[in-house]
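Trainee: I would like to learn how to read the features of a model like this one. Could we go through them together, one at a time?

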Amino acid sequence: PPVGQLLNQRYRLLAQLGEGSGGAVFRARDEQLGIDVAIKVLFDRGASSEEPLWMKEAEIALTLRHPGVVSGYALQSAETGFPYLVMELLPNG
């Protein structure tokens, strides 16, 4: 998704922070809460299992709570059909 896009009428993508094999991470503004968050747009690379790898990652991220692990807030699907994970934005993100 391009920088500036508004996902689900709530999250405005402000800047791309990085990209890896599992997805791209953006700084985004939660326009409902008025805070910045991290959005990881998840790539589905056609995993052979019934449950895509990104779904397993998202489930883990949403349940873990530890000072050394980024907190996940929600797993959503954009109007364009791609899944994304809303996460805590770390101070230098």
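Mentor: Gladly, and let us start with a salt bridge: Arg-10 pairs with Asp-30, and their closest N and O atoms are 2.8 Å apart. Keep in mind throughout that this is a predicted model.

Trainee: Which parts of the chain does the pair of Arg-10 and Asp-30 tie together?

Mentor: Arg-10 sits in the loop between strand 1 (6-7) and strand 2, while Asp-30 belongs to strand 3, so the bridge ties together parts that are 20 residues apart in sequence. Strand 3 covers residues 23-30.

Trainee: Is Asp-30 buried or exposed?

Mentor: The idea is to compare the relative accessible area with a cut-off: buried means under 20%. Asp-30 has 2%, so Asp-30 is buried. Its partner Arg-10, at 23%, is partly exposed.

Trainee: What else does the side chain of Asp-30 reach?

Mentor: That side chain comes to 3.0 Å from the backbone nitrogen of Gln-32. The pairing with Arg-10 also appears as a polar contact between side chains, at 2.8 Å. If you set aside neighbours within four places in sequence, Asp-30 is in contact with Arg-10, Tyr-11 and Ile-35.

Trainee: How many salt bridges are there by this rule?

Mentor: The count comes to four. Among them is the bridge between Asp-36 and Arg-27, with 3.2 Å from N to O. Asp-36 also forms a salt bridge with Arg-29, where the closest N and O atoms are 3.1 Å apart.

Trainee: Which residues are linked in a network of salt bridges?

Mentor: When bridges share a residue, read them together. Here Arg-27, Arg-29 and Asp-36 are linked in a network. For their surroundings, look at the accessibilities: Asp-36 is partly exposed at 28%, Arg-27 is partly exposed at 22%, and Arg-29 counts as partly exposed at 32%.

Trainee: Let us move on to the rings. How should I describe an aromatic pair?

Mentor: A pair of aromatic rings is described by two quantities, the distance of the centres and the angle of the planes. This structure holds two such pairs. In one of them, the rings of Tyr-11 and Tyr-84 have centres 6.1 Å apart and planes at 80°, so the pair is edge-to-face. For that last step, you need to know that angles over 60 degrees count as edge-to-face.

Trainee: Where in the chain are Tyr-11 and Tyr-84?

Mentor: Tyr-11 is in strand 2 (residues 11-19) and Tyr-84 in strand 6, so to speak two distant parts of the chain, 73 residues apart, that the pair links. Tyr-11 counts as buried at 4% relative accessibility, and Tyr-84 counts as buried at 0%.

Trainee: And which aromatic pair is tilted?

Mentor: Phe-82 and Tyr-84 form the tilted pair, with 6.5 Å from centre to centre and 55° between the planes. Phe-82, at 17% relative accessibility, also counts as buried. Ring pairs therefore link Tyr-11, Phe-82 and Tyr-84 into a cluster.

Trainee: Strand 6 came up with Tyr-84. What does Met-87 touch?

Mentor: Met-87 is in strand 6, which spans residues 83-87. To read its surroundings, skip the residues up to four places away in sequence; Met-87 then touches Val-37, Ala-38, Lys-40, Val-70, Ser-71, Gly-72 and Tyr-73. Take Gly-72 as an example: its C-alpha atom is 4.2 Å from that of Met-87, and the two residues are 15 apart along the chain. At 12% relative accessibility, Met-87 counts as buried.

Trainee: Now for the whole chain. In what order do the elements run from the N terminus on?

Mentor: The order is β-β-β-β-α-β-β, which gives one helix and six strands.

Trainee: How many of the residues count as buried?

Mentor: Of the 93 residues of the chain, 30% count as buried. The chain exposes about 5,600 Å², and carbon and sulfur atoms supply 54% of that area.

Trainee: What share of the contacts join residues at least 24 apart?

Mentor: Start from contacts between residues at least 6 apart in sequence; of these, 33% join residues at least 24 apart.

Technical notes:
Residues numbered from 1 in each chain as written. Predicted model: local features only at pLDDT ≥ 70, side-chain atom pairs only at ≥ 80, totals over all residues. Heavy atoms only, no water. Helix = DSSP H or I, 4+ residues; strand = E, 2+ residues; numbered from the N terminus. Buried < 20%, exposed > 50% of the residue type's maximum accessible area, 1.4 Å probe, protein only. Contact = heavy atoms within 4.5 Å. Polar contact = N/O pair within 3.5 Å; in protein donor to acceptor, adjacent residues only side chain to side chain. Phe/Tyr/Trp six-rings, centres within 6.5 Å; stacked < 30°, edge-to-face > 60°. Areas by Shrake-Rupley, 256 points an atom, 1.4 Å probe, with all protein chains shown as cover. Salt bridge = Lys/Arg side-chain N within 4 Å of Asp/Glu carboxyl O.
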